[in-house]
Amino acid sequence: MYRTRKLLITGISGFIGSCFAHLPQEHWQIIGTYQQNPVQHPNLISKRVDLSQLENLDPLLNASKPDALIHLAAASNPNFCEKNPELSERVNIQTAVELAALCDKYSIPFLFASTDLVFAGDNAPYDEQAEPRAVNLYGRQKAIAEEKILSLNSRACIARCPVMFGLPKWGNSFMKSWMTNLKEGRPVFAFTDEFRTKVSGSDAAQGMLLLLEQQVKGIWHLGGKESISRFDFAVKMAETFGLPGALVQASKQADVKMAAARPANVSLNSEKAFQLGYQPKRISEALRSWL
Ligand SMILES: NC(=O)c1ccc[n+]([C@@H]2O[C@H](COP(=O)([O-])OP(=O)(O)OC[C@H]3O[C@@H](n4cnc5c(N)ncnc54)[C@H](OP(=O)(O)O)[C@@H]3O)[C@@H](O)[C@H]2O)c1
């Protein structure tokens, strides 16, 4: 029971990686990979690996000999993917598919972090049976990776995550930069017409561990319990932390020109995971936990 099993987490230096590193848990010894941003934490062993070089993947598994693998590493910014299609396809599709195939070969349980952005946003809430129809390249890459992974590794688990919030020790967090803006007297422009079932990163990380420990396969949604607009989230966040709410300014998706199209409402129906025992905190409760 005491860290007897080795969990390999790719992309430990990202936002969700930080959430895993800081999760109080006794069961897994974490080995995490990073590429450009080294991380150090007493809960984990970290190693630098460029996962886009597919020849690095088999040696990584052979050296680490993990009991399970959570594949987080990705080009996760939709605008970056749109502007760098080949580079992003390599890590978002080819790396993910190759890792899934190797895990199948070595019988290592494999969990792939996917996204609510596989959906078009015009027919929420989406359950696991809904047809993916992404409006941007990032979402399409994740949907292609999901399909290929499931076709070659029938035991693989796909965790579709919503936008996550939190104050991680490392990695990018929209909430962290919004809070910095408000603290420093700068406005935060937040869409009133974009809805997601947001969860805290640590709740989503716990959800992924649950899926792994329950040895489930196929597609699982790890959304939160409420669908909320970015604007309402920003207002709630300002209220909770006593920051100036007047600086939260309503805007619309159409006001901001971005390389990647954004769906309006990709809220997830996560009832299947709730039934399994996934119990993310409601947004106000999660925000208060950082006070
Ligand atoms: N955050 C969210 O709200 C959200 C929502 C839905 C789904 N997801 C999915 O969840 C996963 C984790 O998200 P995140 O927010 O933690 O992402 P993130 O903060 O952007 O971190 C990405 C991670 O991938 C690593 N990486 C990227 N390219 C790599 C390469 N070629 N070789 C090795 N490592 C590479 C990065 O390493 P370095 O930084 O060291 O270079 C970093 O650790 C992603 O698959 C993402 O698509 C995230």
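**Exercise 1.** Decide whether glutamate 239 is buried, exposed or partly exposed in this predicted model.

*Solution.* Start with the neighbor count: 13 other C-beta atoms lie within 10 Å of glutamate 239. Next, apply the cut-offs: buried needs 20 or more, and exposed needs 12 or fewer. The count falls in between, so glutamate 239 is partly exposed. Then place the residue: glutamate 239 sits in helix H8, residues 230–241. Finally, take a distance. Histidine 221 is 18 residues away along the chain, and the two C-alpha atoms are 29 Å apart.

**Exercise 2.** Work out how helices H4 and H5 are oriented to each other, and which residues make their contact.

*Solution.* H4 covers residues 85–105 and H5 covers residues 137–152. Their axes come within 9 Å and cross at roughly 20 degrees. Angles under 35 degrees count as roughly parallel, so H4 is roughly parallel to H5. The crossing is right-handed. On the H4 side, contact residues include Pro85, Asn92, Ala96 and Asp104. On the H5 side, they include Leu137, Lys142, Ala145 and Leu152. Sort the contact residues by class: 11 are nonpolar, 3 polar and 4 charged.

**Exercise 3.** Describe the shell around the ligand: which residues come nearest, which elements supply it, and what classes does it hold?

*Solution.* The ligand has 28 residues around it. Gly11, Gly14, Gln35, Gln36 and Ala74 come nearest. Now turn to the elements. Helix H1 (15–21), strand E2 (28–34) and strand E5 (110–115) each supply at least two shell residues. H1 gives the most, with 3. Last, the classes: 14 nonpolar, 13 polar and 1 charged.

How values were computed. Residues are numbered from 1 along each chain as its sequence is written. This is a predicted model: local features need pLDDT of at least 70, side-chain atom pairs count only at pLDDT 80 or more; totals for chains, interfaces and linings use all residues. A residue is near a molecule or strand if its C-beta atom, placed from the backbone, lies within 6 Å of it. Helices (H or I, at least four residues) and strands (E, at least two) are DSSP runs, numbered from the N terminus. Ala, Val, Leu, Ile, Met, Phe, Trp, Tyr, Cys and Pro count as nonpolar, Asp, Glu, Lys and Arg as charged, and the others, Gly among them, as polar. Axes are lines fitted to C-alpha atoms, for helices over the stretch in contact, and angles run from 0 to 180 degrees between N-to-C directions. Angles under 35 degrees count as roughly parallel, over 145 as roughly antiparallel, 65 to 115 as roughly perpendicular and the rest as oblique. A crossing is left-handed if the near helix is turned anticlockwise from the far one by less than a right angle, and right-handed if clockwise. Two residues are in contact if their C-beta atoms, placed from the backbone, lie within 7 Å.
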